[in-house]
Amino acid sequence: MSDADFLGNEEGLKRSLEMLLQTHAQSGAQPLPADLPDTGLGASAALELLAPLVLGGAAHLGAASSLAHMDPPTPWITWATTLWNASLNQNLLHPATAPVARRIEEAVVNWLAPYFGMSGGHITPGSTLANLTALWAARECAGIDEVVASDSAHLSIAKAAHILGLRFRQVATDATGAMLADQVPTDLSRAALVLTAGTTSTGVIDPLHLASEAAWAHVDAAWAGPLRLTRYRTLLNGIERANSVAVSAHKWLFQPKESALILFRDNAEASAAISFGGAYLAVPNVGILGSHGATAVPLLATLLAWGRQGLAERIERCVEISDSLAGFIKNDARLQLLAEPQSGVVVWRPARQDRFDDLLAALPPGMVSTTTIKGERWLRNVAANPNADVTTLLENLATALEMCLN
Ligand SMILES: *Cc1c(COP(=O)(O)O)cnc(C)c1O
């Protein structure tokens, strides 16, 4: 006799979908039991208990005024295929437990790698691990003992250097957070130079032509990498000279977490250098992860559904939203724009810094985040939401300005 909880329950799944598509108020949420329940509620009751909490308590990343973080809403085809993934539970560590999923990952990676001048790579659960993987390969392939990155590089770079026992050297940046080319050490013969394509704070792109200068060049394109598939592709010219590139798919490729790509110019060499084999493994284990799932399936589904053009349209729409917002801010004497946005990140503040907290409090939740640049606080919008509505955003901003800056 089979255990029905491991079979598809059409009614339960339909109910879960119905819940997903409803709006929920978190106020309906019941407190969770303090301890692990000894007897279970059953799947249906557990879902009813969780819906107000999980669905009602979540941030709405696709709302008209959501524009604060690098976390996008996800297209519904990724919800459907993520459900398939959960049900099938393929393990890409073993060809026997993921006969098709391994091929799908290879196909998706091979579709995307050429846009960055890379020959291949693999999927990781985020660019934090993609960056670590890249610098691990750099240490093995190029014998580097130092990582050089700008003082605006993501903290995962310093973390990776620390884990790998490599020295970490910071290069100064200009007022917008872009690496100052004339501050880069001249001898990079034992260094990995990390250039950021779209810094987390301000979205600026380091001078990517510097990629030819070091023993190993890695471009952290976690955020802005997908611009390579759009009409803004030339902003990332020079990326093809890197030895490795990291791109987060759960940012501007609109994928559910956790999804990113580590790409290598010479994938065969890099993958061999970070492979372990033997024992119970039928094929070598490449990279950091052990068991891992078919993250490529929702990405493949998205790329099939949209094509490059459909993807580009969504990203370009985000860039246009950020440009409109920046234009408004630049033309309002009560506000100060840090710089023209390069990759959908708008950094600004009230001209009167003493009104910073008032203005922040007057804006709806999810509309802005804050960042500190050269010791000063700024407001930050990140255009990761193609459904953000410029009219709504500008109305919210106008109302907040009326309230605290007039
Ligand atoms: C988000 C980000 C990372 C980290 O990526 P995760 O996918 O969050 O692990 C690294 N570098 C930059 C520039 C980022 O914006």
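A polar contact here is a pair of N or O atoms within 3.5 Å; inside the protein, one atom of the pair must be able to donate a hydrogen and the other to accept it. Keep that in mind as we walk through this model, which is a predicted one.

Let's start with the overall layout. The domain assignment divides the protein into domain 1, residues 76-304, and domain 2, residues 307-404. Between the C-alpha centres of these two domains the distance is 28 Å. Where they touch, domain 1 contributes 29 residues and domain 2 contributes 26 residues.

How much area is buried between domain 1 and domain 2? The figure is about 2200 Å², and carbon and sulfur atoms give 60% of that area. On the domain 1 side, three residues are worth finding in the viewer: Ser-201, Trp-252 and Phe-254 supply 25% of what domain 1 buries against domain 2, more than any other three residues.

Now for the polar side of this contact. Between the two domains there are 13 residue pairs in polar contact, with both residues at pLDDT 80 or more. Helix α9, residues 296-330, gives the largest share of the domain 1 side that touches domain 2, namely 3 residues. Sorted by class, that side of domain 1 holds 16 nonpolar, 9 polar and 4 charged residues.

Charge pairs come next. Side chains of opposite charge can pair when their charged atoms come close. The count between domain 1 and domain 2 is 2 salt bridges, while the count for the model comes to 17 salt bridges. If you look at Arg-231 and Glu-316, you will find their side chains joined in a salt bridge, with 3.6 Å from N to O. Another salt bridge links Glu-10 with Lys-14, whose closest N and O atoms are 3.0 Å apart. Why are Glu-10 and Lys-14 separated by about one helical turn? Because they are 4 residues apart in helix α1, which covers residues 10-21.

Let's turn to the ligand. It is surrounded by 15 residues, and the closest are Thr-128, Asp-220, Ser-248, His-250 and Lys-251. The side chain of His-250 places an N or O atom 2.7 Å from an oxygen atom of the ligand. Ser-127 approaches through its backbone, with a polar atom 2.8 Å from a ligand oxygen. Thr-200 uses its side chain, where a polar atom lies 3.0 Å from an oxygen atom of the ligand.

Finally, take a look at the backbone in the loop between α7 and β7, where Phe-254 is found. Most residues other than glycine have a negative phi, and most peptide bonds are trans. Phe-254, however, has a positive phi, near 60 degrees. This is the Phe-254 named among the three residues that supply 25% of the area domain 1 buries against domain 2. Glu-258 also sits in the loop between α7 (249-252) and β7 (260-264). The peptide bond leading from Lys-257 to Glu-258 is cis, with omega near 5 degrees.

Definitions and conventions. Residues are numbered from 1 along each chain as its sequence is written. This is a predicted model: local features need pLDDT of at least 70, side-chain atom pairs count only at pLDDT 80 or more; totals for chains, interfaces and linings use all residues. Side-chain values use heavy atoms; hydrogens and water are left out. Domain bounds come from an automatic or database domain assignment. Contact means heavy atoms within 4.5 Å. Buried area is the accessible area (1.4 Å probe) that two parts lose on being put together, summed over both. A salt bridge is a side-chain nitrogen of Lys or Arg within 4 Å of a carboxyl oxygen of Asp or Glu. Helices (H or I, at least four residues) and strands (E, at least two) are DSSP runs, numbered from the N terminus. Ala, Val, Leu, Ile, Met, Phe, Trp, Tyr, Cys and Pro count as nonpolar, Asp, Glu, Lys and Arg as charged, and the others, Gly among them, as polar. A residue is near a molecule or strand if one of its heavy atoms lies within 4 Å of it.
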